[in-house]
Amino acid sequence: MVDLGVLVSGSGSNLQAIIDNIEKGRVDARIKVIISNVPEVYALERAKKHGIPSTVLPHKGLRREDYDQRLVEALKAKGVELVILAGFMRIITPVLLRAFSMRVMNIHPALLPSFPGTHVWQAEVDYGVKFAGCTVHFVDEGTDTGPIIIQAVVPVYDDDTADTLNARILEQEHRIYSQAIQLYAEGRLEVHGRRVLARDFPKAPYTSMINPPARIFDKVPDIWQAGRLCSWT
Ligand code: GRF
């Protein structure tokens, strides 16, 4: 059983997925406190609905380090072991990271190290990548640079907008964040430098995704004839 502190700044759909998975007995964890730096966000409603202690800790007027010191105090006071950033829109300083070394997790809506930062969905559509996804990682002193725990991949379609891609990725976020927490709760996560190993956990089956989808060639098709480029008709 792992005691969590969840930090939020917004709607908290990832928080909700974690709460649901804990309630269903899929994640062996307790949320000891939910802390928001922004008042009146929907994540706080979710906390109330589920009877989870929550508090608003505004950051205005505080140096980043001083703010993080207050976070550390609030988290320690509740006996938190693992800190979960769930849409917490602040840069974390070493003050928090040293107090919870390799015990702060974040979810990022892209396949890191590609597309760090914010507004990633439009950037992915504009860049023309054929796959996107999400990443749960331990937080280090960089931005979106910490050791990667788990990733999920989704295709990007020709008619995608930032919103449709966001929705597809978010669905996967709601799966993998809980899985990362459960791997931690089971004591399986081993950090070796940049690499996080999931000890005694099954390997992902070898499959591939090709986008646009693969065609199976039974014989060498015409398109491969000297110098001609593919035109699918
Ligand atoms: C998600 O896109 C997550 O990847 C990012 O912040 C957003 C949080 O959404 N870190 P929600 O508040 O969990 O709905």
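The following exercises, each with a worked solution, concern the ligand site, the ring interactions and the accessibility of selected residues.

The model is predicted, so local features need pLDDT of at least 70 and side-chain atom pairs count only at pLDDT 80 or more, whereas totals for chains, interfaces and linings use all residues. Residues are numbered from 1 along each chain as its sequence is written, and side-chain values use heavy atoms, with hydrogens and water left out.

**Exercise 1. Determine which residues are around the ligand and what polar contacts Ser11, Gly12 and Ser13 offer.**

Step 1: Taking a residue as near the ligand if one of its heavy atoms lies within 4 Å of it, one finds Ser11, Gly12, Ser13, Asn14, Gly87, Ile107, His108, Pro109, Trp121 and Glu173.

Step 2: H1 and E5 each supply at least two residues of this shell, helices (H or I, at least four residues) and strands (E, at least two) being DSSP runs numbered from the N terminus.

Step 3: For polar contacts with the ligand (pairs of N or O atoms within 3.5 Å), a polar side-chain atom of serine 13 is 2.6 Å from a ligand oxygen, a polar backbone atom of glycine 12 is 2.8 Å from a ligand oxygen, and an N or O atom in the side chain of serine 11 is 3.2 Å from a ligand oxygen.

Step 4: Of the 360 Å² of accessible area that the ligand has on its own, the protein covers 83%, with areas from the Shrake-Rupley method and a 1.4 Å probe.

**Exercise 2. Characterise the pair formed by phenylalanine 115 and tyrosine 127.**

Step 1: Rings of Phe, Tyr and Trp (its six-membered ring) pair if their centres lie within 6.5 Å, and planes under 30 degrees apart count as stacked, over 60 as edge-to-face and the rest as tilted; the count by this rule is 1 aromatic pair.

Step 2: With 6.0 Å centre to centre and 85° between the planes, phenylalanine 115 and tyrosine 127 are edge-to-face.

Step 3: Phenylalanine 115 is in the loop between strand E5 (104-108) and helix H5 (120-127), while tyrosine 127 is in helix H5, 12 residues apart.

**Exercise 3. Classify glutamine 16, isoleucine 91 and tyrosine 127 by accessibility.**

Step 1: Buried means under 20% relative accessible area, exposed over 50%, and partly exposed in between (1.4 Å probe, protein chains only).

Step 2: Glutamine 16, in helix H1 (residues 13-23), is buried because its relative accessible area is 16%.

Step 3: Isoleucine 91, in the loop between strand E4 (82-85) and helix H4 (94-99), is partly exposed at 48%, and tyrosine 127 is exposed at 66%.

Methods: A polar contact is a pair of N or O atoms within 3.5 Å; within protein, one must be able to donate a hydrogen and the other to accept it, and residues adjacent in sequence count only if both atoms are side-chain atoms.
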